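Q: Please take a close look at a single part of this structure, the contact between its chains, and explain the terms as you go.

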Amino acid sequence: MRRVVWVGLVVATTACNGARVQSPESRVESHSAVGTFGLGRAPTAEEIAAWDKSVNPTGKNLPPGQGTVADGKLVYAAKCAACHGDAGQGAPPVYPQLVGKDPTDFSFDNDFKITHTIGNYWPYATTLYDYINRAMPLTAPGSLKPEEIYAVTAYLLAANGVIAADAVMDARSLPKVTMPARERFVVDDRVGGAGFR
Amino acid sequence: MTRPPDDAAREGDISRRALLASAAGIAGAAALAAKPYRLLAQGPAAVAADTAAVVVPPDPTAVPGLVTSARGMRSPFVDPTRAPAGVLSGASFAPLQDLSGTITPSDLFFERNHNGVALVDPQKWKLMIHGMVERPLMIDLAQLLRYPTVTRTYFIECSGNGRAAFRAPKPEMTPQQVDGLLSTAEWTGVPLATLFREAGVKPGAKWFIAEGGDAARLSRSIPVEKGLDDALLVWGQNGEPLRPSNGYPVRLLLPGFEGNTSIKWVRRLELSDQPNMSKDETSKYTDPIPGAKARQFSFLMDVKSVITSPTYPQQLTDKGWWPIRGLAWSGRGRIAKVEVSTDGGKSWQPARIEGNNLPLAPVRFEQMWQWDGKAAVLLSRATDETGAVQPTRAEFKRVRGVGTDYHFSYIRGWRVESDGAVKFEAEV
């Protein structure tokens, strides 16, 4: 008799679960549109453009415009020199040194006092545009126009001996600049386990 | 090493004696003396005491205590503070030596900002998920709060933690100055995998670029596997909304990864087939190593431990039993064991791991030590569940190079002088 009751309970419970609407939480198919929570909305093209300013090494999102080394020297003097020094020497540790070719052998592991500069350390030129546009000047981030950013990028690359003094930086030329330290970066090879890396 | 008399009946005595003699208590009294607290004359005026003018009666049993209040406060005898360094691009170090257990009180949780602490109106906060997704998504805070949540305990550690102690060690360094860019909280939020499923990550998306809504618009590129694994979008920290310095209203939380990748004030997640190569994953947060190379995307925090007591500026007051206490953690999972040496590394004894041992969260360790009144060097060495062991400082230098810039995971030491003074000992 007791056995019959238990079977009945199990059947009733199963039926109950079967009738319940499953939350989208239980999905396993990551690319399925079926059963989303349905919250939020699609961003507009304007909203994406307003926030998506990331410039990667392909030059994605680089805007129209251009800048020369000579113009960049003026932008640098007006917007950057107060913190980074009149010649990019910086005021470490707060305001990084920007200009410096040495060491050319990337021997930074020997001495922490060796300063990482654009010329001796940065692997991608596009990072200058991305970062200046994103975060500089410190007190007014996002305030520079594309021409000013191209120009000051050109100035800093020339000051580091990476490009010629008559080079012009724009959406086509900047991604083609090869930085001296480009091949120095390696994928993290720490894997845990015995043997310290 | 003599075994401590740590049966339950006697442990209470040891603890009480240690507490009475502890430098923490001495430091507390010193802090009090430096503050404008005054002893209250007994009487009805005590009832009027409020948080603006705390008074300490000579006999708390003889007068009524403070009135009920809207917000709790610390005892006037307890005054832990973070140690700020830098201003806009800076950090505040958590007072590890003043903390118990593994959770960091939210107001003492370390901060690292790249252009100040952003103050974000929660009504205006939005998160955008776009790029290589089937359904680009824009949600507000009220919508984020409607997804199913999880609550997890995780540490966050800055990958620069320990830099000052490595490069310019001084005997007069506290655990806060040595390793204070480590903190732990109970976090509440939504698995990022849930939102990635909502948006439908396209095949071929290998990275997601996370960006903050602060003045640095701090940006890091993260492997999409981490987003589908244990990454969270959190708004809750130790039972309340995040503090602004920890990303209010919402931050990314990447358990076990270096702290800067847990983007605060997060507002944008872009799925991509390649990393962005932003400044903070090229110029900064990369690790020079021997061979004229630098490690990039060195996300995982190595296994580490630090003794938090006895440490500078504590003073052992007499010979006898003293607890050696500390924290151990790993970005690769659980702590397997912690060993303590009291002879500068000649011999090691296993320390007791106290309480829960959660993955990607610190454990407390403790080892009772009978001090004989002679100079000693105390070390801790942690091993995680992958078998990774903290290296000595010499091995760390040999493998990583003296000029390496992040992930300073070598063994820390503390020297006990014969007079009981405790100092940071770098060369162990």
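A: The answer below begins with the whole contact and then follows one strand within it. This is a predicted model, in which local features need pLDDT of at least 70 and side-chain atom pairs count only at pLDDT 80 or more, while totals for chains, interfaces and linings use all residues. Residues are numbered from 1 along each chain as its sequence is written, and chains are lettered from A and ligands numbered from 1 in the order in which they are written.

Chain B brings 60 residues to the contact and chain A brings 53 residues, where two residues touch if their C-beta atoms, placed from the backbone, lie within 7 Å. On the side of chain B that touches chain A, at least two residues each come from β6 (126-131), β7 (137-140), α6 (192-199), β15 (266-272), β16 (287-289), β17 (293-296) and α8 (393-400) of chain B; helices (H or I, at least four residues) and strands (E, at least two) are DSSP runs numbered from the N terminus. The largest share of that side, four residues, is supplied by β17(B).

Strand β17(B) also pairs across the contact, since three bridges join it, in a parallel run, to strand β3 (residues 185-187) of chain A, pairing being counted when DSSP finds at least two bridges between two strands. Within this pairing, Q296(B) of β17(B) is the bridge partner of V187(A).

As background for this side, chain B as a whole holds eight helices and 26 strands.
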